Amino acid sequence: MAYMCDFTISSDGSVFGQNGPRVASTAEGWIVSHLWSVVGMKRAKEIWMLCRRHDAQQALQWSLVNSVVPADELDTEVRRWCDELLALSPTVLKLVKKSFDDSLAPVRKAQDRFKILDQVNPGFWTWGEQTEGASAFLEKRAPGFSPWR
């Protein structure tokens, strides 16, 4: 969810990636598709569909984070960003933030996240796929998704 935040400041030891398909945890609609506007369509599909892990420097190169600092400097860096924001006009910052948020409104409205799962697999919550993913995660084992292929 780093790409959904206004700012993401990362320590150099952070790891980024998606787990959804790995553990059968649903994510859908504009929350998924918005990533392509940050990193490009091919990279967004790679991130969401392959569930690989990426270090902080890779996340910075892909624009998933704004800044990467040593772990012992993280609080200082966050404080610096906050101090900069606090020195600016709160009303104008609200206008800027609303302008960015409003640009996503058509995408959010067009992609009702609760309808997409029903279109793809209306029995998802009752057929056991999600249960298998969650159980495998909790049991620290690879899930067995072959019955749902």
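What share of the 149 residues in the protein is buried? Buried residues make up 30% of them, going by this predicted model.

**Figure 1. The whole chain, with its 10 helices and 4 strands.** Walk along the sequence and you meet the pattern β-β-α-α-α-α-β-α-β-α-α-α-α-α. The C-alpha trace spans about 55 × 35 × 25 Å along its principal axes. Contacts reach a long way along the chain: take those between residues at least 6 apart in sequence, and 65% of them join residues at least 24 apart. On the outside, the protein exposes about 10,200 Å², with carbon and sulfur atoms supplying 59% of that area.

**Figure 2. The largest nonpolar core, a set of 17 residues.** Y3, F16, L35, V39, I47 and L64 have the most contacts inside this core. At least two core residues come from each of helix 2, helix 3, helix 4 and helix 5 (56-61). Helix 4 gives the most, with 3 residues. As a general backdrop, nonpolar side chains tend to be buried together in soluble globular proteins. For a look at one member, pick L64: leaving out residues up to four places away in sequence, L64 touches A2, Y3, T8, L35, V39, I47 and A59.

**Figure 3. T8, tucked in before strand 1 (9-11).** T8 has a relative accessible area of 10%, so it counts as buried. Its side chain reaches the backbone oxygen of A2 at 2.8 Å. Setting aside neighbours within four places in sequence, the contacts of T8 are A2, L64, V65, N66 and S67. The T8 contact with L64 ties this view to the previous one, as L64 is among the residues with the most contacts inside the core.

**Figure 4. The buried residues of helix 4 and what they pack against.** Helix 4 runs over residues 41-50, and A44, E46, I47 and W48 are buried in it. The buried residues of this helix pack against helix 1, helix 2, helix 3 (35-39) and strand 3. I47 is also one of the core residues with the most contacts. W36, which sits in helix 3, is in contact with M41 and A44 once neighbours within four places are left aside. W36 itself counts as partly exposed because its relative accessibility is 44%.

**Figure 5. E46 and its two arginine partners, R43 and R52.** The structure holds 10 salt bridges, and E46 takes part in the pair shown here. With R43, the N to O distance is 2.8 Å; with R52, the N to O distance is 3.4 Å. R43 and E46 both belong to helix 4 and are 3 residues apart, about one turn of the helix. An α-helix has 3.6 residues a turn, so residues three or four places apart point the same way. Which of these side chains is buried, and which are partly exposed? E46 is buried at a relative accessible area of 19%, which puts it under the 20% cut-off. R43 is partly exposed at 30%, and so is R52 at 44%.

**Figure 6. Two positive phi values, at A24 and C51.** Most residues other than glycine have a negative phi, which is the reason to zoom in here. A24 has a phi near 60° and is placed in the loop between helix 1 (20-23) and helix 2 (30-33). C51 has a phi near 55° and comes just after helix 4, in the loop leading to strand 3 (54-55). Both count as buried because their relative accessibilities are 8% for A24 and 5% for C51.

**Figure 7. A nonpolar surface patch made of V92, L95, V96 and F100.** Together these side chains have about 390 Å² of accessible area. V96 is found in helix 7 (residues 90-103), and its relative accessibility of 39% makes it partly exposed.

**Figure 8. More salt bridges, including the E139 and R141 pair.** The closest N and O atoms of E139 and R141 are 2.6 Å apart. R141 is partly exposed, as its relative accessibility is 34%. Elsewhere, salt bridges that share partners join D6, K97 and D101 into one network.

Methods. Residues are numbered from 1 along each chain as its sequence is written. This is a predicted model: local features need pLDDT of at least 70, side-chain atom pairs count only at pLDDT 80 or more; totals for chains, interfaces and linings use all residues. Side-chain values use heavy atoms; hydrogens and water are left out. Patches are made of residues with over 30% relative accessible area and no salt bridge: like charges are joined within 9 Å, nonpolar side chains (Val, Leu, Ile, Met, Phe, Trp, Tyr) within 5 Å. Accessible areas come from the Shrake-Rupley method with a 1.4 Å probe; for residues, only the protein chains shown count as cover. A salt bridge is a side-chain nitrogen of Lys or Arg within 4 Å of a carboxyl oxygen of Asp or Glu. Buried means under 20% relative accessible area, exposed over 50%, partly exposed in between (1.4 Å probe, protein chains only). A polar contact is a pair of N or O atoms within 3.5 Å; within protein, one must be able to donate a hydrogen and the other to accept it, and residues adjacent in sequence count only if both atoms are side-chain atoms. Contact means heavy atoms within 4.5 Å. A nonpolar core is a set of buried Ala, Val, Leu, Ile, Met, Phe, Trp, Tyr and Cys residues joined through side-chain atoms within 4.5 Å.
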